[in-house]
Amino acid sequence: MMPSHGRMRQADRVSRGVVIGSGVMGAGIAAHLANAGMQVKLLDIVPGSLTPEERSKGLSQEDAVVRNRLADEAVKRIQAAKPPVLYDPSWIGRIQSGNLSDHLSAVGEADWVIEAVVERLDIKRKVLESIDAARRPGSLVTTNTSGLSVGEMAEGRSDDFRRHFAATHFFNPPRYMKLVEIVPAAETSPETVALLTELCEERLGKGVVLARDTPNFIANRIGAYGMLVTLEEAVRYGLTVEETDALTGTAMGRPKTATFRMMDMVGLDTLLHVVDNVRERSADAEEKAIFARPELLVKLVESGRLGGKSGAGFYRKTSGGGGRSVIQSLQLATLDYGPKLRVSSPVLEAVKSAGGAAAKVRTLLSAAPKHAHARFAWACLKRTLLYAAGLNGIIADHLSDIDKAMRWGFNWDLGPFQLWDAIGLEQSVRRMEQEGDAVPAWVKEWIAGGRTSFYRSEGARRFYAHAGGEREESIERDCISLAALKEAGRTVLSTPGASLIDIGDDVVCLEFHSQNNAIGGDILSAITLSAEEVSRNWRGLVIANEGRNFCVGANLALLLMEAQSGEWDEVEDIIRYFQRSMGLLAALDRPVVAAPHRMTLGGGVEACLPADRIVYSPETYFGLVETGVGLIPAGGGCMAAAMLAADRAQAASGGRSEASAMLLQPQLNQLFETIAMAKHSSSGFGVRALGFHRPGDRVIMRQDARIGEAKRECLELDRQGYVPPPQRRSAVAGREGKAVLAMAIQSMKLSGYISPHDERIAGKLAHVLTGGHVASGTEVSGQYLLDLECEAFLSLCGEPKTQQRMSHMLETGKPLRN
């Protein structure tokens with residue numbers, strides 16, 4: 001599977017990187033440079049003393065294993081990281097460790113040097129001085145500071161260094177967090193900014209925001225302020241830690257980590273450092289007061305309660321009975337811990353029924369406006385909005401950059417100005433002024449000019465720009481926004497579960513939008529209608545969406561309900577409908593390209609495999625995981641796996657039938673294990689290791705460009721004179737192959753690795769993948785394999801233990817091994 005191809009970019013010429021500082025961020029950045037295909041040298045200082053183990057081995061500080069110890073340990077952490085920080089474990093070979101004393105010459109060979117040492121200006125300046133002396137002219141140098149002055153770091157450096165120097169503030173963990181804030185200094189050249197932007201967007205797959213050289217830049221400044229305000233208001237309203245997190249998480253359009261869990265993740269000492277940096281660098285007395293150290297935080301840090309890294313912060317994990325872990329929460333008044341409490345209120349109950357972040361926040365503020373929870377939420381929200389408004393034009397050039405930074409860096413569903421639009425700009429400002437709050441003059445002038453929101457859409461999306469004007473929101477190259485196209489009236493057809501959208505150049509995109517994008521009748525109906533429409537009027541079809549996940553599978557709740565009711569004809573109808581719908585995609589006389597992202601499981605995989613090409617996001621977690629709920633794939637997944645195995649055996653044999661039969665079993669074994677063990681990839685690149693890759697499938701680093709890339713694939717296939725693949729027959733492993741798999745199943749059972757019910761499921765799977773009761777090498781049709789799938793699925797649906805697994809998954813979101 002190859003990464004995206006296309007024009008030769010300046011960023012493609014950056015092939016060698018050096019990262020200085022092998023701590024959490026430095027190691028994470030080095031790993032992600034390796035993900036982008038770069039050769040990386042990871043350097044740190046020579047340790048000041050030997051460890052007891054090194055002494056026992058008779059080593060000295062002149063030995064390389066001692067001198068490289070810090071970077072070597074970082075490489076080991078990269079290999080062991082959970083979740084993984086590398087897209088492919090084998091890519092660890094792209095990272096070499098070393099030390100600054102012996103390997104500084106690597107800086108002179110690098111195209112990009114990233115400084116990621118401790119967040120102290122004096123130390124960073126010293127390291128940058130060393131880099132300046134060793135680098136070659138024209139090479140990029142960036143600092144990963146989270147908020148120190150970029151201009152002060154550049155002081156005293158050479159002219160060429162200053163032209164090629166900026167901050168690239170990655171967010172932790174670098175692989176998974178989308179945001180990179182690029183912060184140029186006064187003398188950074190425009191060409192350097194452009195190249196860094198291209199590098200971070202195209203090669204690293206990041207979302208770039210240009211920030212000004214101000215304390216803590218954009219996201220950390222507003223995020224830290226929001227945390228301080230929330231803590232202050234929680235104490236004022238007498239709320240518990242749990243209540244605060246319930247109100248400032250998904251109810252406010254933010255992650256489940258909310259406020260106090262987020263503080264624990266960040267580290268309370270780190271948060272204090274961020275607070276101190278703003279206060280110490282600010283010349284404004286009011287802001288200095290805002291960022292005063294909260295006494296409660298100071299006490300926690302002084303007592304060693306730093307959050308997750310110390311085991312205790314606002315939450316603490318302790319051992320309970322039976323070896324279970326118990327989560328306790330901090331009591332803000334006493335700083336003692338108590339049992340974690342369940343939170344309930346009319347405000348939160350109303351929020352649960354609201355759909356989408358904007359509706360949830362409006363409900364949060366209005367469901368019971370006199371309730372303490374609603375008043376607390378309003379107090380936190382208005383203060384954060386006003387603070388962000390006061391910084392517009394100071395920390396970033398445009399308010400849209402502030403919104404992007406908060407969405408990408410703190411995982412907010414809506415940035416502060418989008419959120420302000422969602423709750424109603426005019427009425428919220430009116431309420432703020434009635435409560436005595438000072439609203440920035442530019443906001444009032446904007447409203448006075450007849451505007452009712454910061455953003456508006458009239459063809460292109462526009463937003464407030466300085467001096468009372470408007471600016472068209474820029475669209476990243478090759479990025480297609482389905483939401484914007486729908487808003488512009490480009491929907492061709494729609495059902496409650498899916499829509500067909502015109503994405504330009506006579507190509508349409510089938511977008512799933514059911515709950516969790518689970519495949520049910522509405523989506524299957526949309527596939528049927530779309531196949532007819534595309535065949536008549538379009539050049540190609542893309543299957544993609546902008547949901548949190550591409551598709552988590554079929555509608556399990558519906559299947560369980562029908563199975564528990566004994567409605568077996570209904571269950572079979574569902575399976576057959578699913579199979580026919582996937583068959584329509586496979587047989588369509590126009591090219592079909594799927595562009596999955598994040599969780600693509602079960603039925604989601606089966607919706608991709610009929611496509612002519614698959615363009616994966618790097619963050620694609622792809623797998624046929626039905627055995628986890630006691631079933632096997634029955635929407636064409638087993639058929640596709642059996643045919644993939646046959647195709648590979650045929651290709652490897654050079655067309656010789658005897659050799660093909662011998663090579664079929666190893667190919668089948670891999671896919672059987674993948675499906676039987678409910679394995680899924682940890683990245684788009686990991687699909688190959690599971691056996692699902694096909695010729696032509698590839699990974700694109702920029703997740704946001706996946707729909708545009710899939711469209712390009714459609715057009716290229718159409719240009720080549722696309723002809724749909726003919727219906728064909730495939731050789732199967734038959735009885736002999738099934739016997740081989742049966743021996744493996746028996747071995748796993750005897751070793752205690754699987755339960756008797758796992759054995760039953762695996763046996764059904766082996767029966768389908770090998771073609772059932774036929775001789776090895778027999779050629780069978782796709783429909784024959786689909787019939788076997790359906791029969792096995794129906795049989796397993798009737799098993800009480802399978803129904804227990806299905807029920808447990810729906811209730812807990814976790815598999816049951818019974």
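**Loops, helix pairs and hollows in a predicted model**

Pro-83 sits in the loop between helix H4 (69–80) and strand S4 (95–99). This is a good place to start a tour of the structure, which is a predicted model. The peptide bond that leads from Lys-82 into Pro-83 is cis, and its omega is near -5 degrees. A cis bond is also found from Asn-172 to Pro-173, again with omega near -5 degrees. Pro-173 belongs to the loop between strand S7 (165–170) and strand S8 (179–184). Another backbone detail worth a look is at Leu-335, where phi is near 65 degrees, a positive value in a residue other than glycine. The loop that holds Leu-335 runs between strand S11 (325–330) and strand S12 (337–339).

From the loops, the view can turn to the helices. Two packed helices are described by the angle between their axes and the distance between the axes. For helix H25 (residues 521–537) and helix H27 (residues 568–587), the angle is about 30 degrees and the axes are 9 Å apart. H25 is therefore roughly parallel to H27, as angles under 35 degrees count as roughly parallel. The crossing in which H25 passes H27 is left-handed. On the H25 side, the residues that meet H27 are Gly-521, Leu-524, Ser-525, Ile-527, Thr-528 and Ala-531. Their partners in H27 are Tyr-577, Phe-578, Ser-581, Met-582, Leu-584 and Leu-585. Sorted by class, this contact of H25 with H27 has 8 nonpolar and 4 polar residues, with no charged residues.

A second helix pair is formed by helix H34 (residues 756–769) and H35, which pack at an angle of about 165 degrees with their axes 9 Å apart. Because angles over 145 degrees count as roughly antiparallel, H34 is described as roughly antiparallel to H35. H34 and H35 cross in a right-handed manner. From H34, the contact draws on Arg-760, Ile-761, Lys-764, His-767 and Val-768. H35 brings Leu-785, Leu-788, Glu-789, Ala-792, Ser-795 and Leu-796 to the contact. The contact of H34 with H35 comprises 6 nonpolar, 2 polar and 3 charged residues.

Both H27 and H35 reappear in the lining of the second largest pocket. This pocket holds about 1200 Å³ of space. Its lining is made up of 37 residues, and those nearest the centre are Ala-586, Met-639, Met-643, Pro-725 and Arg-728. The elements that give two or more residues to this lining are H27, helix H29 (637–653) and helix H35 (782–797). H27 gives the most, with 8 residues. The lining of the second largest pocket has 19 nonpolar, 9 polar and 9 charged residues.

The model also encloses hollows, with 3 cavities of 30 Å³ or more. The largest cavity has about 150 Å³ of space. It is lined by 13 residues, with Met-227, Arg-254, Ala-258, Thr-259 and Trp-412 closest to its centre. Helix H11 (residues 219–237) gives the most to the lining of the largest cavity, contributing 4 residues. By class, the lining of the largest cavity has 6 nonpolar residues, 6 polar residues and 1 charged residue.

Methods:
Residues numbered from 1 in each chain as written. Predicted model: local features only at pLDDT ≥ 70, side-chain atom pairs only at ≥ 80, totals over all residues. Heavy atoms only, no water. 1 Å grid on protein atoms, 1.4 Å probe; cavity = no way out; pocket = protein on both sides within 12 Å on 5 of 7 lines; lining within 4 Å. Points joined across faces, edges and corners; volume = space filled by probe spheres on them. Nonpolar A, V, L, I, M, F, W, Y, C, P; charged D, E, K, R; others polar. Axes fitted to C-alpha atoms, helices over the stretch in contact; angles between N-to-C directions. Parallel < 35°, antiparallel > 145°, perpendicular 65-115°, else oblique. Left-handed = near helix turned anticlockwise from the far one by under 90°. Contact = heavy atoms within 4.5 Å.
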